[in-house]
Amino acid sequence: MRKSMLFLGFLLAFLGLALPGTQGKIISRCEMVKILRRNGFQGFEGTTVADWMCLVKHESDYNTRAYNNNGPSRDYGIFQINSKYWCNDGRTAGATNGCHISCSKLQDDNIEDDIRCAKKIAREAHGLSPWYGWKNHCRGRNLSSYVRGC
């Protein structure tokens with residue numbers, strides 16, 4: 001029993017080292033504020049950087065590799081972009097791939113393509129209503145704490 005537990009411990013440690021980055025990059029709050037400001041999110045479709053920060057916090061907790069299975073579709077990346085409408089994961093029936101991107105590209109540490117797709121979604125929706133994290137936790141609230149000190 002002791003040998004098998006020891007082996008299991010070594011196996012888990014090895015897998016943890018062999019699979020670097022499986023948790024993704026966690027972007028710090030102030031770094032995310034800078035990224036959003038630099039990419040023109042302030043005022044975009046009537047939103048603020050604080051709106052987007054709250055959205056990202058509640059959708060992915062700033063994790064570039066965030067993933068959520070919704071049943072027939074899945075959400076990917078820091079903005080939790082849905083495979084039914086916006087990206088292709090090769091698994092979602094009837095998907096439209098509005099951003100013309102593989103969903104796996106939304107889970108790497110380069111979020112430039114995520115930004116382009118999120119802005120396309122917001123542009124088409126005239127705001128952030130497609131994101132339930134924003135609707136349920138951010139809409140109509142004081143969001144200044146998301147950008148304070150940055």
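Author: A few cut-offs to begin: a residue is buried under 20% relative accessible area, exposed over 50%, and partly exposed in between (1.4 Å probe, protein chains only). This is a predicted model, where local features need pLDDT of at least 70, side-chain atom pairs count only at pLDDT 80 or more, and totals for chains, interfaces and linings use all residues. Residues are numbered from 1 along each chain as its sequence is written, and side-chain values use heavy atoms, with hydrogens and water left out.

Reader: OK, try it out. Why is Lys105 called partly exposed?

Author: Lys105 has a relative accessible area of 40%. Partly exposed runs between 20% and 50%, so 40% lands in that class.

Reader: And what makes Lys105 and Asp108 a salt bridge?

Author: You need a side-chain nitrogen of Lys or Arg within 4 Å of a carboxyl oxygen of Asp or Glu. Here N to O is 3.6 Å, so the pair qualifies. Asp108 is partly exposed too, at 21%.

Reader: How many salt bridges does the whole structure have?

Author: The search finds 3. In general terms, side chains of opposite charge can pair when their charged atoms come close.

Reader: What makes Asp61 and Lys57 count as another?

Author: Their side chains meet at 2.6 Å, N to O, and that is within the limit, so the label holds. Lys57 is partly exposed at 33%, and Asp61 is partly exposed at 41%.

Reader: Where does Asp61 sit, and what is its phi?

Author: Asp61 follows helix H3, in the loop between H3 and S1. Its phi is positive, about 55°, although Asp61 is not a glycine. By the way, helices (H or I, at least four residues) and strands (E, at least two) are DSSP runs, numbered from the N terminus.

Reader: Which other residue has a positive phi without being a glycine?

Author: His100 is one, with phi near 50°. His100 is in the loop between S3 and H4, and at 67% it is over the 50% mark, so it is called exposed.

Reader: Back to H3. How do you know that its length fits a helix?

Author: The expected span is 1.5 Å times one less than the number of residues. For the 12 residues of H3 (49-60) that gives 16 Å, and the end C-alpha atoms are 16 Å apart, so the two agree.

Reader: What makes H3 "mostly covered"?

Author: Of its 12 residues, 10 are buried, among them Trp52, Met53 and Leu55. The buried ones pack against helix H2 (29-38), H4 and helix H5 (132-137), with contact taken as heavy atoms within 4.5 Å.

Reader: Now the sheet. Why are S1 and S3 called edge strands?

Author: It is an open sheet of 3 strands in the order S1-S2-S3, with antiparallel pairing. Strand S1 (67-69) and S3 each have a single partner strand, so one side of each has no neighbour in the sheet.

Reader: How do you know that S2 and S3 are paired?

Author: Pairing takes at least two DSSP bridges between two strands. Strand S2 (74-76) and S3 have 2, so they make the cut. One detail: Asp75 has Asn82 of S3 as its bridge partner.

Reader: What joins Arg74 to Asp89?

Author: A salt bridge, with the closest N and O atoms 2.8 Å apart. The pair links distant parts of the chain, with Arg74 in strand S2 and Asp89 in the loop between S3 and H4, 15 residues apart. Both count as buried because Arg74 is at 4% and Asp89 at 17%.

Reader: Which residue's side chain has polar contacts with both Arg74 and Asp89?

Author: That's Thr92, with 3.0 Å to the side chain of Arg74 and 3.0 Å to that of Asp89. A polar contact is a pair of N or O atoms within 3.5 Å; within protein, one must be able to donate a hydrogen and the other to accept it, and residues adjacent in sequence count only if both atoms are side-chain atoms. At 3.0 Å, the distances are therefore inside the limit.

Reader: Is Thr92 buried or exposed?

Author: Buried, because its 10% is under 20%. Leaving out residues up to four places away in sequence, Thr92 touches Pro72, Ser73, Arg74, Ser83 and Lys84.
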